[in-house]
Amino acid sequence: MHRVLYAVLAAACATPVAAQETSLRLVSAFPENGLYVKHLLPWVQKFNAEGKGLLQIQFVGASPKVMSSFEVGNAVKGGVVDLALNTGAFYTNLMPEADALKLAQISAAEQRRNGAYALINRIWNAKANMQYLARVVEHTPFHLYLTRRIDRPDLTGLKLRITPVYRDFFQALGATLITTTPAEVYTALERGVVDGYGWPIHGIFDLNWHERTRYRVDPGFYNAEVSLVMNLDAYRRLSAAQREYLERQALALEALNDKWKEVNAEEARRQAQHGIQIIQFDAAAARQYQERAYEAGWAGILKAAPETGAQLRKLLAR
Ligand code: 173
């Protein structure tokens with residue numbers, strides 16, 4: 001991160017601007033012009049309109065401009081920022097369990113009811129100094145996008161751009177892997193450094209990856225997770241009224257998640273329109289592909305975090 005920006009962020013964090021009002025600084029680990037920030041900003045506006053005199057959110061900016069996607073977790077942990085729109089795969093450096101939320105097979109609402117959120121918060125509090133506030137994306141599978149055709153679920157000889165989300169699965173299928181932030185995907189495709197990448201069903205137009213994408217492999221797998229997380233100290237500094245307000249707005253944000261169903265249908269149409277072809281396996285191979293994804297995904301989590309991984313699996317898997 002730029003040193004000057006770091007100093008500015010650190011100095012201005014959660015400064016009470018009036019006796020009662022607190023302003024929280026929010027950073028997005030996903031790019032400024034992407035679907036996720038576009039989804040979040042109207043909520044921030046509403047939050048600020050209704051929270052005058054109590055609690056405000058200042059959107060500071062997004063990766064890669066303010067900091068690398070992979071640094072945002074650390075910035076939240078250390079209190080350099082108060083809030084982040086982030087995904088667990090971007091902060092596995094803090095705790096490997098962060099990446100387990102992609103394996104959830106029940107809704108966020110169910111996770112609140114069955115104790116998963118309480119468990120997530122015990123782990124996130126203890127290991128990352130974070131409060132987990134809301135899941136901002138649901139109903140969204142990840143896919144493998146390619147520049148070359150394959151005809152069966154064998155990735156041998158393919159070089160793929162990944163984050164930890166896809167690592168264990170794509171590795172199990174024989175791929176060679178290169179980890180990059182979203183900001184580096186276009187150049188990797190352009191230079192032919194990779195033959196494809198993992199990404200959700202939506203969002204490939206945000207940074208023009210569609211120009212370099214010929215195929216999408218169906219089916220998708222997992223449950224793309226993007227969430228709002230908060231520095232735990234900043235969370236604990238809030239008054240009861242501020243916390244109640246924040247939690248209420250976080251619930252309201254989570255309640256918007258059905259929208260992704262429509263977005264995803266539209267994005268799939270748009271991909272087809274741009275000539276992106278679907279590589280589809282037969283039913284048996286497709287089922288195997290998805291089973292393999294979950295098997296490899298949980299194996300990776302359990303290997304890195306045997307105890308908490310098993311607790312998470314109990315509450316997140318069906
Ligand atoms: O960068 C990624 O491919 C990634 O890990 C991710 C996670 C959630 C939503 C979108 C992308």
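**Exercises on a predicted model**

Asn129 is buried, with a relative accessible area of 18%; buried means under 20% relative accessible area, exposed over 50%, and partly exposed in between, with a 1.4 Å probe and protein chains only. The structure is a predicted model, in which local features need pLDDT of at least 70 and side-chain atom pairs count only at pLDDT 80 or more, while totals for chains, interfaces and linings use all residues. Residues are numbered from 1 along each chain as its sequence is written, and side-chain values use heavy atoms, with hydrogens and water left out.

**Exercise 1. Positive phi**

Place Asn129 and His139 in the chain and state the phi of each.

Step 1. Asn129 is in the loop between α5 (116-128) and β4 (130-135). Helices (H or I, at least four residues) and strands (E, at least two) are DSSP runs, numbered from the N terminus.

Step 2. The phi of Asn129 is near 55 degrees, which is positive in a residue other than glycine.

Step 3. His139 sits in the loop between β4 and β5 (142-146). Its phi is positive too, at about 60 degrees, although His139 is not a glycine.

Step 4. Is His139 buried, partly exposed or exposed? The relative accessibility of His139 is 34%, so it counts as partly exposed.

**Exercise 2. Gln131 and Gln111**

Describe the surroundings of the glutamines Gln131 and Gln111.

Step 1. Gln131 belongs to strand β4. With 9% relative accessibility, Gln131 counts as buried.

Step 2. The side chain of Gln131 makes a polar contact with the side chain of Asn125 at 3.1 Å. A polar contact is a pair of N or O atoms within 3.5 Å; within protein, one must be able to donate a hydrogen and the other to accept it, and residues adjacent in sequence count only if both atoms are side-chain atoms.

Step 3. Leaving aside neighbours within four places in sequence, the contacts of Gln131 include Leu228, Val229, Met230 and Glu247. Contact means heavy atoms within 4.5 Å.

Step 4. Gln111 is in helix α4 (residues 108-113). Gln111 is buried, with a relative accessible area of 1%.

Step 5. The side chain of Gln111 reaches the backbone oxygen of Ile106 at 3.1 Å. Not counting residues up to four places away in sequence, Gln111 touches Ala104, Ile106, Ala116, Tyr117, Ile120, Arg135 and Leu316.

**Exercise 3. Cis peptide bonds and the loop after β2**

Find where the cis bonds before Pro64 and Pro219 lie, then examine Ser69.

Step 1. Ser63 and Pro64 are joined by a cis peptide bond with omega of about 5 degrees. Pro64 is in the loop between β2 and α3.

Step 2. From Asp218 to Pro219 the peptide bond is cis, with omega near 5 degrees. Pro219 is in strand β9 (residues 215-221).

Step 3. Ser69 is in the loop between β2 (55-62) and α3 (72-78). Ser69 is buried, with a relative accessible area of 4%.

Step 4. Apart from residues up to four places away in sequence, Ser69 touches Ala29, Ser63, Asn86, Phe90, Thr181 and Pro182.

**Exercise 4. The ligand**

Which of the 16 residues around the ligand come nearest?

Step 1. They are Arg161, Thr163, Val165, Tyr166 and Trp199. A residue is near a molecule or strand if one of its heavy atoms lies within 4 Å of it.

Step 2. An N or O atom in the side chain of Arg161 is 2.8 Å from an oxygen atom of the ligand.

Step 3. For Thr163, the distance from a polar side-chain atom to a ligand oxygen atom is 2.7 Å; for Tyr166, it is 2.5 Å.

Step 4. Tyr166 is among the buried residues of helix α6 (residues 164-172), along with Pro164, Val165, Phe169 and Phe170. Their cover includes β5, β6 (159-162), β7 (176-179), β8 (196-200), β9 and α11.

**Exercise 5. Helices α11 and α12**

How do the axes of α11 and α12 cross?

Step 1. The axes of α11 (residues 283-304) and α12 (residues 306-316) come within 6 Å and cross at roughly 140 degrees. Axes are lines fitted to C-alpha atoms, for helices over the stretch in contact, and angles run from 0 to 180 degrees between N-to-C directions.

Step 2. The two helices α11 and α12 are therefore oblique to each other. Angles under 35 degrees count as roughly parallel, over 145 as roughly antiparallel, 65 to 115 as roughly perpendicular and the rest as oblique.
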